[in-house]
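Trainee: Could you walk me through how the helices pack here? I'd like a close look at that one part.

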Amino acid sequence: MPAYKTGKKTRQYTNEFKVSAVLLTYKPNKMIKDVAEDLDIHPFMLSRWRKEYREGKLVADKRKLPKQLSKIARPEPQTDKQRMRQLEAENAELRLEIDLLKKWQRFLAEEQRRSSGS
């Protein structure tokens, strides 16, 4: 089967580059989109690299990383208890939001009844 010649080259990135890019996204107030834009790569690719990094599939030689980046720690995987607490807190917050939206819906319905009834 002949190879397709599109003229567009697929770029190959080193593991050090990938890990450096991932570690930049873990800095405070940095968004994946901004880092990807600065490095001229697609945000989805950077998100995939982050996933590979979390799973331990993406590893770079620490001696080759810049000193500032090597200090950024890999995020620790959550324990079941931590994850449960986080989900319970999120659940409580969502319940409050739902209650607030229901109250707002009742308020709007009451306002509509008042305005159409007069």
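Mentor: Helix 1 and helix 2 are oblique to each other, because oblique is whatever falls outside under 35 degrees (roughly parallel), over 145 (roughly antiparallel) and 65 to 115 (roughly perpendicular). Their packing angle is about 140°, with the axes 9 Å apart; axes here are lines fitted to C-alpha atoms over the stretch in contact, and angles run from 0 to 180 degrees between N-to-C directions. Helices are DSSP runs of H or I, at least four residues, numbered from the N terminus, and helix 2 covers residues 32-39. Phe17, Ala21, Leu24 and Thr25 of helix 1 touch Ile32, Val35 and Leu39 of helix 2, contact meaning heavy atoms within 4.5 Å.

This is a predicted model, so to speak: local features need pLDDT of at least 70, side-chain atom pairs count only at pLDDT 80 or more, and totals for chains, interfaces and linings use all residues. Residues are numbered from 1 along each chain as its sequence is written, and side-chain values use heavy atoms, leaving out hydrogens and water.

Next up, helix 2 against helix 3 (residues 43-55): the axes come within 9 Å and cross at roughly 115°. That makes helix 2 roughly perpendicular to helix 3. On the helix 2 side, Ile32, Val35 and Ala36 meet Pro43, Leu46, Ser47 and Arg50 of helix 3.

Back in helix 1 (residues 15-25) sits lysine 18. Beyond its neighbours within four places in sequence, lysine 18 is in contact with Tyr13, Trp49 and Leu58.

How values were computed: Helix = DSSP H or I, 4+ residues; strand = E, 2+ residues; numbered from the N terminus.
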